[in-house]
Amino acid sequence: MKFRPIIVDNKLKELTEHGTQEFPVSMDEQIVSNENCHEVLHWHYEVQIARVTKGQVIFRTPDGEFLINEGECIFINSGCLHEAVTTGDKNSIYECVNFNPSVIYGQNSSVVRRDYVDPVLFSPEMQVIPLAGKGWETQIKELFDLLAKIYESHGFGYELSIQIILCQMWLLIVENNRTQMEANSSITFAEKERMNILKRYIHQNYAEKIALCDIANAAHISEGECCRIFRRIQHTTPFLYLIGFRISQSIKLLSSTDYSVTEI
C-alpha cells in the first residue's frame, strides 16, 4: 500500500483520484506526520473506512474529534469534512479504503441505493462512526485485512472480490445502524447536494460577515428553504452552524499559531 498525498482545491475537495471511473476504489497508507496529510482539511465523494496501524490518530470533523488507537477503525461518510492529526506519536499511520457509493448500489434507481445506501449517506448521525467498542468492529477488521490482501495482489477477478467485501462491510454498517437510517430515510439526494453547497459556502466564507440571504443565494433558494434544510438535515439553524464552525477554526488557530485571542 502506498502513501497518497492529500491535495485539495479552494473548496476543500480532495483532487486525488480514488481508483478509476471504471472501478472507483483505492487503498492507501497515510503517514499522518507528512505535511501532505497532517491537518489537511478536506472532503471527497467517496466513503472512507480507515484503520490505524501504528500509534494514535485524531480525526477532526464537524461532529467532533475522534481519537482512534492502533488497531481501531473509523467510518467517514461521503462529503464529510475531516482531517487527520498526530498525537504524541509522530509516526502514526493509518490505512484506508475509499470507494464511491456506486460500488455498493450499482444502478442509480436500484432498491439497494434507495433502501440501504442513501439512508446512510443522508443520515446526520452517521457522518462519522468510530467503531471502537462496537461488537461488529472485529468483523470489519477481518474484512479489511482480506480487502488489503486482495487489493495488493491485483489477481484475476480482484475487482469482483473487492466489491463483494465492500458490500459485506456495508451490510454490517446498515444492520447495526437501522434506527439512524430509518429516522432519516426521507431526505433526498437533491437535498443532500443542496446541503453540501450551503455548508461549503460557510466553510469558505466563515471569516467574513455573512447574512442569511448570502447563504441561501449560494444554492439559489429562499431564506426560508435554507432554514428548513438546515433544521431537517443538520438539526440546527444556519447561524448556529456558522458559529460552531467559527469556533472549531478558532480552536485550531489557538493551538497551532501564535495569534492572540483578540486577533483570532
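This report walks through the strands, the hollow spaces and a few single residues of the structure above.

The model is predicted, so a few ground rules apply: local features need pLDDT of at least 70, side-chain atom pairs count only at pLDDT 80 or more, and totals for chains, interfaces and linings use all residues. Residues are numbered from 1 along each chain as its sequence is written, and side-chain values use heavy atoms, with hydrogens and water left out.

**Strands and their partners**

Helices (H or I, at least four residues) and strands (E, at least two) are DSSP runs, numbered from the N terminus. Two strands pair if DSSP finds at least two bridges between them.

Let's start with strand 7 (93–99). Seven of its seven residues are buried, where buried means under 20% relative accessible area, exposed means over 50%, and partly exposed is in between (1.4 Å probe, protein chains only). Ile-93, Glu-95, Val-97 and Phe-99 point one way from strand 7, while Tyr-94, Cys-96 and Asn-98 point the other way.

Strand 5 (residues 73–76) is covered on both faces too. Cys-73 and Phe-75 are buried on one side, and Ile-74 and Ile-76 are buried on the other.

Here is how several strands pair up, with one matched pair of residues for each.

| Strands | Direction | Bridges | Facing residues |
|---|---|---|---|
| Strand 1 and strand 7 | antiparallel | seven bridges | Val-25 and Phe-99 |
| Strand 2 and strand 7 | antiparallel | seven bridges | Arg-51 and Glu-95 |
| Strand 2 and strand 5 | antiparallel | four bridges | Ala-50 and Ile-74 |
| Strand 5 and strand 8 | antiparallel | three bridges | Phe-75 and Ile-129 |
| Strand 3 and strand 6 | antiparallel | four bridges | Val-57 and Thr-86 |

The strand 3 and strand 6 pair belongs to an open sheet of three strands, with the order 4-3-6 and antiparallel pairing. Strand 4 (64–69) and strand 6 (83–86) stand at the edges with a single partner strand each, so one side of each has no neighbour in the sheet. On average, neighbouring strands here are turned by 30° against each other, direction ignored; axes are lines fitted to C-alpha atoms, for helices over the stretch in contact, and angles run from 0 to 180 degrees between N-to-C directions.

Arg-60 sits in strand 3. Is Arg-60 buried or exposed? Arg-60 is buried, with a relative accessible area of 16%. Its side chain makes a polar contact of 3.1 Å with the side chain of Glu-65. A polar contact is a pair of N or O atoms within 3.5 Å; within protein, one must be able to donate a hydrogen and the other to accept it, and residues adjacent in sequence count only if both atoms are side-chain atoms.

**Hollow spaces**

Now for the gaps, searched for on a 1 Å grid over the protein atoms alone. A cavity is a set of points where a 1.4 Å probe fits but cannot get out, a pocket is an open set with protein on both sides within 12 Å along at least five of seven lines, and lining residues have an atom within 4 Å of a point. Grid points are joined across faces, edges and corners, and a volume is the space filled by probe spheres set on the points.

The largest pocket holds about 700 Å³ of space. Its lining has 35 residues, and Thr-61, Pro-62, Asp-63, Tyr-241 and Phe-245 lie nearest its centre. Which element gives the largest share of that lining? Helix 9 does, with nine residues. By class, the pocket lining has 14 nonpolar, 13 polar and eight charged residues; Ala, Val, Leu, Ile, Met, Phe, Trp, Tyr, Cys and Pro count as nonpolar, Asp, Glu, Lys and Arg as charged, and the others, Gly among them, as polar.

There is one cavity of 30 Å³ or more, and the largest cavity has a volume of about 80 Å³. Of its 13 lining residues, Glu-14, His-18, Gln-30, Gln-48 and Asn-98 are the closest to its centre. Strand 7 gives the most to this lining, with three residues. The cavity lining divides into three nonpolar, seven polar and three charged residues.

**A loop residue and a pair of cysteines**

Gln-127 is found in the loop between helix 2 (111–121) and strand 8 (128–130). Gln-127 is buried, with a relative accessible area of 10%. A polar atom of its side chain lies 3.3 Å from the backbone oxygen of Leu-121, and a polar atom of that side chain lies 2.8 Å from the backbone oxygen of Ser-123.

Cys-213 lies in helix 7 (residues 212–218) and is partly exposed, with a relative accessible area of 31%. Cys-213 and Cys-226 are 13 residues apart in sequence and 8.9 Å apart in space, C-alpha to C-alpha.
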